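Student: I would like to learn how to read cores and cavities in a model. Where should we start?
Tutor: With the structure itself, and then one feature at a time.

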Amino acid sequence: MPAVSKGDGMRGLAVFISDIRNCKSKEAEIKRINKELANIRSKFKGDKALDGYSKKKYVCKLLFIFLLGHDIDFGHMEAVNLLSSNKYTEKQIGYLFISVLVNSNSELIRLINNAIKNDLASRNPTFMCLALHCIANVGSREMGEAFAADIPRILVAGDSMDSVKQSAALCLLRLYKASPDLVPMGEWTARVVHLLNDQHMGVVTAAVSLITCLCKKNPDDFKTCISLAVSRLSRIVSSASTDLQDYTYYFVPAPWLSVKLLRLLQCYPPPEDAAVKGRLVECLETVLNKAQEPPKSKKVQHSNAKNAILFETISLIIHYDSEPNLLVRACNQLGQFLQHRETNLRYLALESMCTLASSEFSHEAVKTHIDTVINALKTERDVSVRQRAADLLYAMCDRSNAKQIVSEMLRYLETADYAIREEIVLKVAILAEKYAVDYSWYVDTILNLIRIAGDYVSEEVWYRVLQIVTNRDDVQGYAAKTVFEALQAPACHENMVKVGGYILGEFGNLIAGDPRSSPPVQFSLLHSKFHLCSVATRALLLSTYIKFINLFPETKATIQGVLRAGSQLRNADVELQQRAVEYLTLSSVASTDVLATVLEEMPPFPERESSILAKLKRKKGPGAGSALDDGRREPSSHDINGGVEPTPSTVSTPSPSADLLGLRAAPPPAAPPAPSGAGNLLVDVFSDGPAAQPSLGPTPEEAFLSELEPPAPESPMALLADPAPAADPGPEDIGPPIPEADELLNKFVCRNNGVLFENQLLQIGVKSEFRQNLGRMYLFYGNKTSVQFQNFSPTVVHPGDGRAQLAVQTKRVASQVDGGAQVQQVLNIECLRDFLTPPLLSVRFRYGGAPQSLTLKLPVTINKFFQPTEMAAQDFFQRWKQLSLPQQEAQKIFKANHPMDAEVTKAKLLGFGSALLDNVDPNPENFVGAGIIQTKALQVGCLLRLEPNAQAQMYRLTLRTSKEPVSRHLCELLAQQF
């Protein structure tokens, strides 16, 4: 490159930059810039012709002003004129200005193209490089059409300088990525491969990048590159750090070129030529050997470069999957990284071992590290590393270690981050089914799964256990006994009720001989859960009740009384009302034989492929198939899976009130419902979980706890990454909440899931979970019409001082919602300090051209951040006395608005968030609870006592907290639930 003469220092530019830096205020800076712009404009318009130096100086000033953030609307032609200069510095400034400021659609492009064409034909290597850099930087289609044929000729020309070849290769790569159809394939493709033998390492590096991109689309045209790449890689690997002195990076010879060559080889299968393959294997062994050598430098740059080559080598070994010795050695090398102090190396090691576990040659070697991986699952601080550890346990699982791995994953599930719980649930369900040696263990595992993470157990999982129990006679009695015991827990998840309702309805007779599980006891146990369940579960339980009439005639009168109750026959939900009427009539009119025929035991389900694995693949995204279906599955007569997926024998016809979000959709009588067909317009919120999407890509929402830590890198070269902050929408001018907003809010005080709002146009579903002072909420907006919603905009607004009390981060949703479609919005919530007023949810859209808007209260109340606290009676009363100030207590005596059922009351108090303390109150009819309101600023202890008076149908509720407003607010919230 030509030397810059002393006169090219552009003193005027240096003075201008100094003046800008010395400005004391933004106004002074703008004033100085406007003065300079006026001066430059006058110089360009003056009669006196400017020399090249002056043009260059003024164009440089314009470029600096633009980089400061100010618009530049003149000087473009002067920059184009600089391109015709024969001085390097003037031409360089002209190309720099064009690359930064000229739009690809500018009218000056033709003039620029002519100047570029002249420079490319000049055979001056410096000017040619400037022109090629400009083409790559602008990268417009018009430039591509003008030069796509010329650049390959420059690249393979024998008289081109090394710097020109390097620039031409990178320029062609840029054009090919932008517009692949503009780059013609021809005889140059065969010649460009030979650039891998070039003496100049920079040319080789640029050529490898170009060939790697081109061969992905046209692999046969570049197949000859394999032997040349192996040869070049062999020379680099076997060289000493002093042999490639100009391209040695911290004692590692040409690390970037080595990584690029290894990636190029991954585009092809193993070499067919034995000599080439032997040389490549020798290279790979050398890299693995060097990894065992002591480091030549303690600097992180040395280890980064060395490890980048090592991980790319292991990726190539895994890609070939044909060298057992190399695969085992790679596994052992990765095993050493599992306990490395560097988090990124542990992440990359776990990720690579997941792929190694699917190889028959290295699977046993991977299994030897099971204890280390389990320890990583328990102790790692980075959520992304824990997720990779869970993936690896799933990948290394087989019949010999299935029980240990499933047990550890279940244990981890209790504290796992919310974002990966559903994925862990699916993996546990798949492993339990795939490697179970006895059915009782499988049933225990799935029921335990529902108990630990019920909200994340999708319908596919609990359908599956029902199908297997139905198809296996030897497990039906055990399943009935186990689920009966599980239902006796005070707090029982709704999915457990669904499983229990189905299994007891079909096989409850197998345990009816035991007085502890007699038919009346079974019915009483199920019916005690009835009022706490959603409409879909109630419909299933009604089907179970009619099955009980057939199985246990002694329960007929009791069940008919339930079906005859006004709450069933006049139920607002059409599906429940219809079932109650039909089942009551069937039990009254039909003879015993007819009843037995209609309600006979469900037949075995036909065999079909399990849908759980397909669901997991959808969550993991494209390319996850090899990790999920590893091909190591040995056939066995004891295999529960057997490729069965049932098709229920009955499918209910959707009623006119069919719920679009699936929140009220009832399953067919006493059988799991069929997969949703064309009749169901929207996916079921509670079956597919919050992260389920129609696309095959991974879920876009990050875990709100995992966002606190930076993500692990995706590639060996990217060893550091920064988290991206989420945007928080500002308040908008919205109308008041709808009249029924308070009533809708009260429905969610003791529950986290359900339908928040519904009218003839829109349905809004809610699914949420809270831990300490953090929460995550999923809002599901369903278009119930056949007309598309336009300008759809849901916004969370903080009234008054709400933003200082509650931080809510929202994800954007699509502005258009098709008819019958559903969109999902994710809210990450942090309680900063105690609050009384919930945020507002404003939804605006256009329907049929008419603007629609509504404002609701977001179902986030202070009790959502309750942390249950267990304490002994002595501690409770001691704390109760400490909170004895009048302003610390809130008490309310009120009349019961609902039937006074002890189990329902207990469930509501647990849903409210407090822990229920047994044997504390002298009166066993009273309820005593304790908990702590968790906020970022402080913690508020809370004690409560609820005294029901069944005779007077009254309650007395007393709350004591350390803050007066919290006591009153909690008392008001809880009193409205009874």
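Student: Which helix gives the most to the lining of the second largest cavity?
Tutor: This is a predicted model. The helix is H40, residues 902-912, which gives 3 residues to that lining. The full lining consists of His898, Pro899, Met900, Asp901, Val904, Thr905, Lys908, Tyr955, Gln977 and Phe978. By class, 5 of these are nonpolar, 3 polar and 2 charged. The second largest cavity holds about 50 Å³ of space.

Student: How many cavities of 30 Å³ or more are there?
Tutor: The count comes to 5. In the largest, the space is about 60 Å³.

Student: What lines the largest cavity?
Tutor: Its lining includes Pro270, Lys277, Tyr320 and Glu323. Helices H15 (274-292) and H16 (300-320) are the elements that give two or more residues to it, and H15 gives the most, with 4. The lining divides into 7 nonpolar, 1 polar and 2 charged residues.

Student: How should I read a nonpolar core?
Tutor: In soluble globular proteins, nonpolar side chains tend to be buried together. Here the largest nonpolar core has 200 residues, and Ile112, Ile116 and Leu449 have the most contacts inside it. Helix H12 (residues 201-215) supplies the largest share of this core, 11 residues. Another core, of 60 residues, lies apart from it and has Tyr781, Val808, Phe894 and Leu974 among its members.

Student: Which residues is isoleucine 116 in contact with, leaving aside neighbours within four places in sequence?
Tutor: Ile116 is in contact with Tyr95, Ala131, Cys134, Ile135, Met143 and Phe147.

Conventions:
Residues are numbered from 1 along each chain as its sequence is written. This is a predicted model: local features need pLDDT of at least 70, side-chain atom pairs count only at pLDDT 80 or more; totals for chains, interfaces and linings use all residues. Side-chain values use heavy atoms; hydrogens and water are left out. A nonpolar core is a set of buried Ala, Val, Leu, Ile, Met, Phe, Trp, Tyr and Cys residues joined through side-chain atoms within 4.5 Å. Buried means under 20% relative accessible area, exposed over 50%, partly exposed in between (1.4 Å probe, protein chains only). Contact means heavy atoms within 4.5 Å. On a 1 Å grid over the protein atoms alone, a cavity is a set of points where a 1.4 Å probe fits but cannot get out, and a pocket is an open set with protein on both sides within 12 Å along at least five of seven lines; lining residues have an atom within 4 Å of a point. Grid points are joined across faces, edges and corners, and a volume is the space filled by probe spheres set on the points. Ala, Val, Leu, Ile, Met, Phe, Trp, Tyr, Cys and Pro count as nonpolar, Asp, Glu, Lys and Arg as charged, and the others, Gly among them, as polar.
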